[in-house]
Amino acid sequence: MHQSKDSRLEWWKCCSIYQIYPRSFQDSNGDGVGDLSGLLARVDYLAWLGVGAVWLSPVYRSPMADFGYDISDYADIDPLFGTVADFDRLVEALHQREIRLILDVVPNHTSDRHSWFVESRSSRGNPRRDWYVWADPGPEGGPPNNWLSRFGGSAWEWDERTGQYYYHAFLREQPDLNWHNPEVRNAFTDVLRFWLGRGVDGFRVDASAVLAEDPLLRDDPPNPDFDRQTPPPERFKRIFTDARPETMRYIEELRAAVDEFPNRVLLGEVQGGTDRIGQFYDGERPRFHLPLNFLLLDAEWNPASLTGAIDQYINAIPDTGWPVWILGSHDKPRIATRVGLKQARIAAMLLFTLPGTPIFYAGDEIGMPDAEIPPEEARDPFEILVPGYGLNRDPERAPMRWDDSDKAGFTVGEPWLPIGEDVKDRNVASQRGDSQSLLTLYRQLIALRQREPALLIGQYLPLRSQGDVLLFERCSHGNCLLIGLNISDASQTVSLRSGGVLRLNTHVDRIDEPIASKLVLRANEGVVLAFPPP
């Protein structure tokens, strides 16, 4: 696999991880939805790009109320994406190219069509009744408490047949599993073992911080920051449903199951920012290898805010923890839309030069923007159920652009979401042959991180920003790299502690150039500068 010069490093520390939203990556049968055969046809591109692992969003059997995050069978592939045999072929093809596969897994809830829930709601006496969160009506009738669904309205759904409510943190079609029940936990670790046995190299755990709810069902307190601009589901602070102490023990059980198989990794979607990130690493027993961090997508885009966010995050990680950085995801606006195409190059250089594992989202490497989705054409339940608050995730889920043809090489049918604008220049084919394209920059940054010990294992040394230039060094065994990132549209001059040689710049036109004591950065330019050892 993709190993560094220090062979003691685990593979997930050495590689760059590429998230694929399968509906939007490559369609093979003309139905307008990406599938496993389409992904299989693009594995050579992944190898050419240099990624060491793919994080694949859910492809399990699902009614698709939440586009695969409502799972009706954890041990099967949805026909929309293909078959288990197609999945096995994909794993084999990736491994042949020394690329690992990390599979999204959703432990918090199932589909209401999952056999577990069908049994659970069949009667109060069913052996699986306690596999989900059921409760009697409140003292005055109606829901048991004030908990709200993230998709709007009460988080409790009345079941007429059995005369109780069931809890759903998300859609009503996504009932929450009762993780206080050890039978549920055992069943879910068996799910992990099933896929690990098929060669999966790890998992990204969806909504991991909300696995456990307060067994007393106490009301959440009012949110003091709630105002007219705040989405209605955030009217209360989620004290009794998020990051409960028991959740950490349940994550430890997931990790223990993964650790039964050698060289596997566990990633986790967590909430709460830097104030909680540390607890998701190691407690009495190991938890996540990589609790995911979205600071680069959430911080204001200026040197002071970025430097502060980076410092706060690194200081919040335990000494034994390994950092991880994410530049894009299926749930967040595209970086190219957020900071502009010119600064998207700066963001890429920042991602691959910070200490830790870099994760980016398919399409970031060609500067894909958010697609324009008219409100009346929204597919995302967030936008449909909580309209008008900018929660629509469809724009970042638009199909991948492989070429400048009518359907961008994604499908010969009608794509499930609009392709979007700027396809002529923002596609793989046009950028792959351009030595100064964003795609070329990504490929070179991935390769530079692979061959430079200072970027893989080197110490992170923050420097004081000069003007609009964010500065830091990465040093290993006396060899140091200076990273200088101009977060502005104007030229900037930086004073250096000594001369050096440019290893790479964001414009991809200044390589091996000697630099004296002053470094002139053009507008929106970033550089990696090597200092000679003393």
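**Notebook: helix pairs, pockets and cavities**

I began with helix H6 (residues 182–196) and helix H7 (residues 245–258), which pack with their axes 9 Å apart at an angle of about 30°. Angles under 35 degrees count as roughly parallel, so I put H6 down as roughly parallel to H7. I should say at once that I am working on a predicted model.

Next I looked up the handedness, and H6 passes H7 in a right-handed crossing. Which residues meet here? From H6 I listed Arg 185, Phe 188, Thr 189, Leu 192, Arg 193 and Leu 196, and they meet Tyr 250, Glu 253, Leu 254, Ala 257 and Val 258 in H7. Sorted by class, the residues of this contact of H6 with H7 come to seven nonpolar, one polar and three charged.

**Second helix pair**

I then turned to H12 and helix H15 (residues 438–451), whose axes cross at roughly 10° and come within 10 Å. With that angle, I noted H12 as roughly parallel to H15. On the H12 side I found Leu 341, Ala 344, Arg 345, Ala 348, Met 349 and Phe 352 in the contact, and on the H15 side Leu 438, Leu 441, Tyr 442, Leu 445, Ile 446 and Arg 449. How many polar residues does the contact of H12 with H15 have? I found no polar residues there, with 10 nonpolar and two charged making up the list.

**Pockets**

My next search was for open space, and the largest pocket came out with a volume of about 1,400 Å³. I counted 46 residues in its lining, and those nearest the centre of this pocket are Arg 150, Glu 269, Val 270, Gln 271 and Lys 332. Which elements give two or more residues to this lining? They are helix H8 (274–277) and helix H9 (295–298), and H8 has the largest share with three residues. By class, I sorted the lining of the largest pocket into 19 nonpolar, 11 polar and 16 charged residues.

For the second largest pocket I noted a volume of about 280 Å³. Its lining has 15 residues, and the closest to the centre are Leu 341, Arg 345, Gln 436, Ser 437 and Leu 438. I was pleased to meet some familiar names here: Leu 341, Arg 345 and Leu 438 also take part in the contact between H12 and H15. Helix H12 (341–353) and helix H14 (428–432) each supply at least two residues of this lining, and H12 gives the most, with three. By class I get four nonpolar, six polar and five charged residues for the second largest pocket.

**Cavities**

Last, I looked for enclosed space, and a search of the whole structure gave me two cavities of 30 Å³ or more. The largest cavity holds about 50 Å³ of space. Around it I listed Tyr 21, Ser 24, Phe 25, Arg 334, Tyr 361, Ala 362, Met 368, Ala 398, Pro 399 and Met 400. Eight of these lining residues are nonpolar, one is polar and one is charged.

The second largest cavity has a volume of about 30 Å³. I found Tyr 21, Pro 22, Arg 23, Ser 57, Pro 58, Phe 67, Tyr 69 and Phe 81 along its lining, which divides into six nonpolar, one polar and one charged. Tyr 21 is worth a mark in the margin, as it lines both the largest cavity and the second largest cavity.

Conventions: Residues numbered from 1 in each chain as written. Predicted model: local features only at pLDDT ≥ 70, side-chain atom pairs only at ≥ 80, totals over all residues. Heavy atoms only, no water. 1 Å grid on protein atoms, 1.4 Å probe; cavity = no way out; pocket = protein on both sides within 12 Å on 5 of 7 lines; lining within 4 Å. Points joined across faces, edges and corners; volume = space filled by probe spheres on them. Nonpolar A, V, L, I, M, F, W, Y, C, P; charged D, E, K, R; others polar. Axes fitted to C-alpha atoms, helices over the stretch in contact; angles between N-to-C directions. Helix = DSSP H or I, 4+ residues; strand = E, 2+ residues; numbered from the N terminus. Parallel < 35°, antiparallel > 145°, perpendicular 65-115°, else oblique. Left-handed = near helix turned anticlockwise from the far one by under 90°. Contact = heavy atoms within 4.5 Å.
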